[in-house]
Amino acid sequence: MRVAIAHEWLVSYAGSERCVEQLAVAYPNARILTTVTALERLPAIFAGAEASFLQRIPAAAEHYQKLLPLMPASWRFRRPVVEVDVVISSSHACAKAVRMAPEIPHVCYCYTPMRYAWEFELERGRFPKRLQWPAEIAMAGFRRWDRATAPGVNRFVAISTDVAARIKRAYGRSADIVHPPVKTEYFTPGGARGDYFLFVGRFVAYKRPDLVVEAFSDLPFPLKMVGAGPMEAQLRARATSNVEFLGRIPDEPLRALMRSARAMIFPAHEDFGIVMAESLACGTPVVALAAGGALDIVDQGETGWLVTHQNARLLRSAVREAALSSPDALKVSARAQRFGEARYRAEMDAVVREVCEDPRRAW
């Protein structure tokens with residue numbers, strides 16, 4: 001099958017890039033189209049990625065987020081994709097606006113409708129105060145543009161039930177659900193269970209590391225914090241002696257920490273939250289907010305505990321319950337196998353082939 005894959009930008013190796021990587025494994029001769037690249041930071045499978053005119057801007061890879069206003073144009077003014085059987089866009093901002101010849105079907109793997117445009121109040125803090133009002137006006141325009149590009153998609157595929165609902169609200173379209181790929185052959189159970197709890201994530205406001213530190217200030221259990229970010233100084237200032245900051249760490253020591261933790265703590269409202277699935281694959285349950293991707297990942301009372309609100313008291317209560325539990329690591333890990341990489345490739349391929357067989361059908 002001749003495939004083209006359109007992805008927002010290729011400047012780091014994170015969750016969405018791992019999805020593109022697996023698509024490239026499934027379709028090894030696929031063209032990969034993007035806006036800006038820093039290919040030296042990425043696996044070799046991305047070596048042939050085709051950037052847009054934005055690549056010619058000095059330091060584009062370092063300041064790609066500031067180029068967001070130009071990204072609709074970067075997709076609009078590149079040549080339409082031709083001579084392929086299908087285009088798959090990997091989109092959380094503008095990539096679904098990729099252009100193709102009229103007869104070519106388009107499957108959009110959607111991480112979320114563009115947050116800047118559709119949930120500006122949650123994103124307002126990313127902008128300096130003097131720019132928030134102009135940004136709000138600009139994002140209203142982005143919403144109109146984003147909605148106008150949706151008819152160019154034959155079929156939407158969402159990463160979670162929560163994102164599928166957002167696609168329905170934003171575009172009035174239904175979406176299949178294919179969860180992102182997790183390295184379940186790498187993240188496996190092993191080692192003895194320790195006495196500590198684990199937080200893994202960037203130290204930014206929406207991840208709520210502050211809530212975790214607050215909850216553990218009144219708990220006797222050790223907490224290991226893996227990550228870094230702008231909130232680190234304030235978190236260290238508030239942390240009690242049972243909280244240890246480990247910074248960013250590579251996959252192998254991270255896997256060892258996941259295998260031995262009492263539970264992973266995940267209080268954020270995430271579109272999916274791949275670290276939760278990795279924790280389960282290691283046999284370690286999760287204490288999470290009952291929202292977003294956690295509702296697809298965590299089975300209450302079986303593979304973790306869900307709290308109804310981002311509240312330190314509720315989180316503390318769930319941690320105490322987790323501390324008294326003795327989870328069966330193999331049973332917890334077995335529930336994570338539904339997120340494996342081979343499963344992702346197979347489910348995406350099934351959707352792609354179905355659309356190619358009947359591209360005119362209204363999905």
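**Salt bridges and a helix crossing**

In this predicted model, the side chains of Lys96 and Asp146 meet in a salt bridge, with 2.4 Å from N to O. The pair links distant parts of the chain, since Lys96 sits in the loop between strand E3 (86–91) and strand E4 (106–110), while Asp146 belongs to helix H5 (residues 129–149), 50 residues apart. Both Lys96 and Asp146 are buried, and their salt bridge is counted by a rule that gives 18 salt bridges.

Another part of this picture is centred on Arg166, which counts as buried because its relative accessibility is 7%, under the 20% cut-off. The side chain of Arg166 meets that of Asp162 in a salt bridge of 2.6 Å, N to O, and these two residues both lie in helix H6, four residues apart, or about one turn of the helix. Arg166 also forms a salt bridge with Asp271, the closest N and O atoms being 2.8 Å apart. Asp271 lies in the loop between strand E10 (264–266) and helix H10 (274–281), so this pair ties together parts that are 105 residues apart in sequence. Asp271 is buried too, and the buried residues of helix H6 (residues 161–171) include Asp162, Val163, Ile167 and Tyr171. After H6 comes Gly172, with a positive phi near 70 degrees.

Elsewhere, the axes of helix H1 (residues 15–26) and helix H14 (residues 341–357) come within 10 Å and cross at roughly 70 degrees, which makes H1 roughly perpendicular to H14. The crossing is right-handed, and in it Cys19, Gln22, Leu23, Val25 and Ala26 of H1 meet Glu341, Tyr344, Arg345 and Met348 of H14. The residues of this contact divide into six nonpolar, one polar and two charged.

Terms used. Residues are numbered from 1 along each chain as its sequence is written. This is a predicted model: local features need pLDDT of at least 70, side-chain atom pairs count only at pLDDT 80 or more; totals for chains, interfaces and linings use all residues. Side-chain values use heavy atoms; hydrogens and water are left out. Axes are lines fitted to C-alpha atoms, for helices over the stretch in contact, and angles run from 0 to 180 degrees between N-to-C directions. Angles under 35 degrees count as roughly parallel, over 145 as roughly antiparallel, 65 to 115 as roughly perpendicular and the rest as oblique. A crossing is left-handed if the near helix is turned anticlockwise from the far one by less than a right angle, and right-handed if clockwise. Contact means heavy atoms within 4.5 Å. Ala, Val, Leu, Ile, Met, Phe, Trp, Tyr, Cys and Pro count as nonpolar, Asp, Glu, Lys and Arg as charged, and the others, Gly among them, as polar. Buried means under 20% relative accessible area, exposed over 50%, partly exposed in between (1.4 Å probe, protein chains only). A salt bridge is a side-chain nitrogen of Lys or Arg within 4 Å of a carboxyl oxygen of Asp or Glu.
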